[in-house]
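User: Could you take a close look at one part of this model for me, and then show how it sits in the rest of the chain? Please spell out the cut-offs as you go, since I like to know what each term stands for.

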Amino acid sequence: MNYRHFLKLLVLWPLLFCLGVAKAEINPRTTIILLTENYPPFNMSVNDKNFARGDNIDGLSTDIVREMFKRAGVNYRLSLRFPWSRIYKLTQQKRNYGLFSTTRTEAREDLFKWVGPLVVNEWVFLTLNNKPIRLRNLNEARKYRIGGYKGDAIANHLENNGFNLVLSFRDNENVAKLVDGRIDLWATGNLSGRYLAQLEGVENLKNVLTFKSTEMYLAFNKETSDAVIDVLQNALDEMVRDGTHQTLTNDYL
């Protein structure tokens with residue numbers, strides 16, 4: 001072994017040791033139940049249904065999570081369900097349940113154990129290109145009718161800041177509301193909102209304000225083993241270092 005290889009092993013040894021210890025502490029029969037929703041392009045069913053399992057679930061976060069679990073050697077089962085509020089509560093109640101893509105907020109911090117970040121999500125106000133709406137800050141949006149997705153972190157953030165929203169049980173319903181003039185602005189994720197609009201045949205949208213940039217995570221029930229959390233986080237960190245995370249992200253940009 002030459003000196004360069006020796007130095008490389010010396011640098012990697014602590015990481016390899018931690019991975020080995022974490023895996024040794026995980027019961028091989030442990031299976032994580034992963035829940036997600038239709039929130040394209042981060043997580044979505046391949047046929048746009050509100051229920052899907054396994055290979056019938058696609059998306060950027062899904063690709064990242066699959067690779068992460070593969071590297072970590074942790075068993076899992078993946079389901080896409082509706083509504084978000086139900087799977088959110090289910091993850092809080094059941095051990096070895098995980099939920100993604102979940103915005104990590106101060107209010108949620110102590111409710112889960114976290115692995116991430118998986119992706120960055122920009123919160124924006126979208127409107128039609130022909131609308132003469134200009135916003136310099138968040139407060140200037142208060143005079144408009146704003147559509148949001150019930151239970152979503154974006155809607156919760158605005159409501160906590162005193163906004164009255166027109167809420168929908170599915171985020172894609174806001175596309176029709178925008179086109180029909182029932183709302184003036186759509187509070188959504190920049191990537192997810194434009195993706196949903198394209199599915200509805202609407203492309204004439206513009207972003208009039210990016211009011212927050214957040215990171216989305218994989219949230220676990222608090223009784224999930226720390227060994228599982230650690231080995232998954234190590235696997236994700238490795239994906240970032242070796243460029244796999246960026247490669248997967250580029251497929252959706």
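Analyst: **One helix and its surroundings**

Among contacts in the protein chain between residues at least 6 apart in sequence, 72% join residues at least 24 apart; a contact here means heavy atoms within 4.5 Å. Please keep in mind that this is a predicted model, in which local features need pLDDT of at least 70 and side-chain atom pairs count only at pLDDT 80 or more, while totals for chains, interfaces and linings use all residues. Residues are numbered from 1 along each chain as its sequence is written, and side-chain values use heavy atoms, with hydrogens and water left out.

The part I would pick is helix 6, residues 190-199. Helices (H or I, at least four residues) and strands (E, at least two) are DSSP runs, numbered from the N terminus. Which residues of helix 6 are buried? They are Asn 190, Ser 192, Gly 193, Leu 196 and Ala 197. Buried means under 20% relative accessible area, exposed over 50%, and partly exposed in between, with a 1.4 Å probe and protein chains only. As background, an α-helix has 3.6 residues a turn, so residues three or four places apart point the same way.

The cover over these buried residues includes strand 7 (113-128), helix 5 (173-180), strand 10 (185-189) and strand 11 (205-220). Ala 197, in helix 6, is buried, with a relative accessible area of 0%. Leaving aside residues up to four places away in sequence, Ala 197 touches Val 175, Trp 186, Val 202 and Leu 205. Ala 197 and Ala 141 are 56 residues apart along the chain, and their C-alpha atoms are separated by 21 Å. After helix 6 comes Gly 201, with a positive phi near 80 degrees.

Strand 7, one of the elements that cover helix 6, has a feature of its own. Pro 117 is placed in strand 7, and the peptide bond from Gly 116 to Pro 117 is cis, with omega near 0 degrees. Another cis peptide bond joins Pro 40 and Pro 41, where omega is about 5 degrees; Pro 41 lies in the loop between strand 1 (31-36) and strand 2 (44-45). The loop between strand 7 and strand 8 (146-149) holds Asn 137, which is partly exposed at a relative accessible area of 34%. Asn 137 and Lys 49 are 88 residues apart in sequence and 36 Å apart in space, C-alpha to C-alpha.

Two residues other than glycine with positive phi are also worth a glance. Asp 48 has phi near 65 degrees and lies in the loop between strand 2 and strand 3 (52-53); with a relative accessible area of 53%, Asp 48 is exposed. Asn 96 also has phi near 65 degrees, but Asn 96 is buried, with a relative accessible area of 17%. Its loop runs between helix 3 (84-93) and strand 6 (97-103). Thr 30 touches Asn 96 and Asn 75, not counting residues up to four places away in sequence. Thr 30 sits in the loop between helix 1 (3-25) and strand 1 and counts as buried at 17% relative accessibility. From Thr 30 to Asn 75 there are 45 residues in sequence and 6.6 Å in space, C-alpha to C-alpha.

Now for the whole chain. The protein chain has eight helices and 11 strands, and 48% of its 253 residues count as buried. Its C-alpha atoms fill a box of roughly 65 × 40 × 35 Å along the principal axes. The radius of gyration is 20 Å, which agrees with the value near 18 Å for a compact globule of 253 residues; the radius is taken over C-alpha atoms, and the globule rule is 2.2 Å times the number of residues to the power 0.38.

The chain exposes about 13,200 Å², 49% of it supplied by carbon and sulfur atoms; areas come from the Shrake-Rupley method with a 1.4 Å probe, and for residues, only the protein chains shown count as cover. There are 33 positive and 28 negative side chains, with the centres of the two sets 3 Å apart. Lys and Arg count as positive and Asp and Glu as negative, with His and the chain ends not counted, and each charge is placed at NZ of Lys, CZ of Arg, CG of Asp or CD of Glu.

Finally, an unreviewed UniProt entry carries the annotation "domain: Solute-binding protein family 3/N-terminal" for residues 31-251; positions are in the numbering used here, feature names are shortened, and annotations may be inferred rather than shown by experiment. The end C-alpha atoms of residues 31-251 lie 29 Å apart, and the span is 33% helix and 32% strand.
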